[in-house]
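Biologist: I have a structure open and should like to go through it with you. Could we begin once it is on the screen?

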There are 2 protein chains.
Amino acid sequence: MAVTASVPHRLPEAPREARRSAGEISRPMRLSVLGATGSIGTSTLDLVSRTPERFEIVALTAQSNAKELAALAIRHGAKLAVIGDESRFDELRDALAKTGIRAAAGAGALTEAALEPADCVMAAIVGAAGLRPTFAAASQGGRVALANKECLVSAGHVFTAAIARSGAELLPVDSEHSAAFQVLSGADPQAIDKIVLTASGGPFRSWTRDAIAAATPEQALKHPNWSMGAKITIDSASLMNKGLELIEAFHLFPVSVEKLDCIVHPQSIVHCLVSYVDGSVLAQMAPPDMRTPIAVALAWPDRMGAPTEKLDLARLATLTFEAPDEERFPALRVARAAMRRGDTAPAVLNAANEVAVKAFLDRRIKFLDIAALVEETLEAAERQGAICAATNLDDILSVDELARILSNEKLSGY
Amino acid sequence: MAVTASVPHRLPEAPREARRSAGEISRPMRLSVLGATGSIGTSTLDLVSRTPERFEIVALTAQSNAKELAALAIRHGAKLAVIGDESRFDELRDALAKTGIRAAAGAGALTEAALEPADCVMAAIVGAAGLRPTFAAASQGGRVALANKECLVSAGHVFTAAIARSGAELLPVDSEHSAAFQVLSGADPQAIDKIVLTASGGPFRSWTRDAIAAATPEQALKHPNWSMGAKITIDSASLMNKGLELIEAFHLFPVSVEKLDCIVHPQSIVHCLVSYVDGSVLAQMAPPDMRTPIAVALAWPDRMGAPTEKLDLARLATLTFEAPDEERFPALRVARAAMRRGDTAPAVLNAANEVAVKAFLDRRIKFLDIAALVEETLEAAERQGAICAATNLDDILSVDELARILSNEKLSGY
């Protein structure tokens, strides 16, 4: 983890400007993008490039692609470009020579980029590497458009407390939570009957349990609707992904775990349904394109145009729904149990799942062993007293580390 | 039409109290129900009876069922009961003797009931008889929960101007417009790409044009999802109903006619879809039960419980959508043309359609003649200069009358 790396290029202190207030549209939104060269980052900047007058780019960061980062910084007139991998600093600095764009490198500089005064920080660094910078963005007090999953899955209580302390505004960027956010807007928690996230059901939706048990990594990597990284594609096949999203939803929205559910919807058109006590169910739909939730997170409560395919229900003709089957998809059951257990259980779940997915991709365990290994790790962590309330990110990182050790120990038994 | 009837029991002037302000929930909502014994009225009072502490019933009205009206007035502790049919006044007065509930009768008294100070008037008198009382409710300045269609279809510009003048709050009560209202709440008109109402498609959805042309009243009266009166059931079979609802939507929501559309959805679960410029489509769903839109109209921006069946998408399994076919359902084309033409064209459309539907039910014309007769009437009205801007309800009523004469003339040619 890069969080303890030195800060070779400490950023000069910038005066903290007044935050842009809601409804004030006379000046551009100051926007930083953490993880600018990734999928969410490039989609964000694609949207920005279509109405550049609405945005003023403050900081862009990337982990290792210095060339692309420099090109994006120049194209969007960023004030600062930060590369996580310090060995790429010279490349970045040279590419930005004479542009007036500041360059910096290292994990500390990533965090400082997140602290630059901005109206909105797109927090799109994936995985554990995104934790420190996203926490920094949360402490900044502006809007945090959150695409990093670990902040909520592993560190939900700590992260939402940081958001509350700074008065920041948290907007989810993935499809399901953006959908929930849009149809929940302003709702009284008492009025909410249920928040139901949809799941595509993945490639094994109609497979028998025996067939799923024998599934290969190649089969699990064939996601029907989205093109994503290997880890999240496996999570979609096991429905662990939906379990992790339920945990995120628990931290994002003011409801108890009993009000959170999911439903299998193979077409991935409806992303979330919120039912209310009066019988109304509000749903958000869209063709699968991350530019829609990104546009929502940038422009809310307004809307900005996004060049996405229009939903054509008459052409789609049919939307289907089915109850998820926790017998065939035990990862969903295990994730829900961790959500109900609370405290650091989701952090253990997430860490153990990462170990398990890697072991599956390395052909060390079978597909259904993923859920089994995670469940065993949760039990072991509970026995060791590691499922407890965490008060800061370091607590979470310690639990995460322990969970990885425990699951690797268990793994040797497979 | 009852609008010129005398006022035998003029109501005493009641001091105008301060209107209940939003967010003020410490005292009950003062509610009047116009059309209390009808389907919407009884559903409204069913909801009221489940949380009586939230409501204080001001006035209840009915057209002719004095016995039921008196029973409702007593059960809900109304202050005033008004019967439209003056010949039933004695029955009402006797039933309310010694209850302390005031009784009145006649069209003028209906209008006065609508003017009684209230936080919300449920305007659920159907047809032309609802026009004057609903206009009175609009002038009152409180919330108008609108279930009467004619106010918007025939008199949209005049009615919305009356609402704007009084500062009243207009909430739609039928399923499709309530759905649109819920997912449009607070939206910037510029952000709206389209408002799409759903239509069940009626009993002739999958019929050929020839079969539809030969359809009998008995066949047209078999609505697949809703149990409604004969007139609206025929309108559902012809899709005229959806055309009328598009006209209502035009007056309710801040969009141009090009942004209004409809889609056939046989399951009648999704009631409206609103698409936004960022690709998001927000939809409202619910099992067919009017208590849901009524609860929305009463409690908005809060929600109140309604004892409706919960939507179970996994059990429903499949939702289907198809483009409406204006070749087989010409009434939709004719209604859209009237909407685009504007001015009093929708009033002519509505009046001619009433004449045509009655003629179809009386077996004087064939099913597809309904649209043809309406279209001919619109052409004749245009030639006579009757498609014009109306500035008050009397203008509308004159045009309505002329349209009935014209369509009856045309009818003799069939």
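Modeller: What follows is a short conversation about the sheets, the contact between the chains and some backbone details. Please keep in mind that this is a predicted model.

Biologist: Let us begin with chain A. In what order do the strands of its 7-stranded open sheet stand?

Modeller: The order is E4-E3-E2-E1-E5-E6-E7, and the pairing is parallel.

Biologist: Which strands stand at the edges there?

Modeller: Those are strand E4 (102–105) and strand E7 (169–172) of chain A. Each has a single partner strand, so one side of each is left without a neighbour in the sheet.

Biologist: By how many degrees are neighbouring strands of this sheet turned against each other?

Modeller: On average by 20°, with direction ignored.

Biologist: How many bridges join E5 to E6 in chain A?

Modeller: There are 4 bridges between strand E5 (residues 120–123) and strand E6 (residues 143–146) of chain A, and the two strands run parallel. To give one pair, Cys120(A) has Arg143(A) in E6(A) as its bridge partner.

Biologist: And which strands does helix H2 of chain A lie across?

Modeller: Helix H2 (residues 66–76) lies across strand E2 (55–62) and strand E3 (80–83) of chain A. Its direction is at about 175° to E2(A).

Biologist: Now the two chains together. How many residues does each give to the contact?

Modeller: Chain B gives 37 residues and chain A gives 37 residues. Between them the chains bury about 3,000 Å², and 58% of that is on carbon and sulfur atoms.

Biologist: Which three residues of chain B supply more of its buried area than any other three?

Modeller: They are Asp278(B), Arg303(B) and Phe321(B), which supply 22% of the area that chain B buries against chain A.

Biologist: How many salt bridges are there between the chains?

Modeller: The count is 4 salt bridges between chain B and chain A. One of them links Lys310(A) with Asp193(B), where the closest N and O atoms are 3.4 Å apart. There are also 18 residue pairs in polar contact between the chains.

Biologist: Which elements of chain B supply at least two residues each to the side that touches chain A?

Modeller: Helix H8 (175–184), strand E10 (270–276), strand E11 (281–285), helix H13 (291–299), helix H14 (313–316) and strand E12 (318–320) of chain B each do so. E11(B) gives the most, with 5 residues. By residue type, the side of chain B that touches chain A divides into 23 nonpolar, 9 polar and 5 charged residues.

Biologist: E11 again, then. Where does E11(B) stand in the open sheet of 8 strands?

Modeller: The order is E9(A)-E8(A)-E10(A)-E11(A)-E11(B)-E10(B)-E8(B)-E9(B), with mixed pairing. At the edges are strand E9 (260–264) of chain A and strand E9 (260–264) of chain B, each paired on one side only. From one strand to the next, the twist averages 20°.

Biologist: In which sense do E11(A) and E11(B) pair, parallel or antiparallel?

Modeller: Strand E11 (residues 281–285) of chain A pairs with E11(B) in the antiparallel sense, over 5 bridges. Leu282(A), for instance, has Gln284(B) as its bridge partner in E11(B). In general, the strands of a sheet pair through backbone hydrogen bonds.

Biologist: What does H8(B) lie across?

Modeller: H8(B) lies across E11 of chain A together with strand E8 (192–199), E10 and E11 of chain B. H8(B) runs at about 35° to E10(B).

Biologist: How many bridges are there between E12(A) and E12(B)?

Modeller: Strand E12 (residues 318–320) of chain A and E12(B) pair over 3 bridges, in the antiparallel sense. Here Thr320(A) has Thr318(B) as its bridge partner.

Biologist: A change of topic: where is the cis peptide bond in chain A?

Modeller: A cis bond joins Trp300(A) and Pro301(A), with omega about 10°. Pro301(A) lies in the loop between helix H13 (291–299) and helix H14 (313–316) of chain A. In chain B, the peptide bond from Trp300(B) to Pro301(B) is cis, with omega near 5°, and Pro301(B) is in the loop between H13 and H14 of chain B.

Biologist: Lastly, what is phi of Ala317(A)?

Modeller: Phi is near 70°, a positive value in a residue other than glycine. Ala317(A) lies in the loop between H14 and E12 of chain A.

Methods: Residues are numbered from 1 along each chain as its sequence is written. Chains are lettered from A and ligands numbered from 1 in the order in which they are written. This is a predicted model: local features need pLDDT of at least 70, side-chain atom pairs count only at pLDDT 80 or more; totals for chains, interfaces and linings use all residues. Side-chain values use heavy atoms; hydrogens and water are left out. Two strands pair if DSSP finds at least two bridges between them. Axes are lines fitted to C-alpha atoms, for helices over the stretch in contact, and angles run from 0 to 180 degrees between N-to-C directions. Contact means heavy atoms within 4.5 Å. Buried area is the accessible area (1.4 Å probe) that two parts lose on being put together, summed over both. A salt bridge is a side-chain nitrogen of Lys or Arg within 4 Å of a carboxyl oxygen of Asp or Glu. A polar contact is a pair of N or O atoms within 3.5 Å; within protein, one must be able to donate a hydrogen and the other to accept it, and residues adjacent in sequence count only if both atoms are side-chain atoms. Ala, Val, Leu, Ile, Met, Phe, Trp, Tyr, Cys and Pro count as nonpolar, Asp, Glu, Lys and Arg as charged, and the others, Gly among them, as polar.
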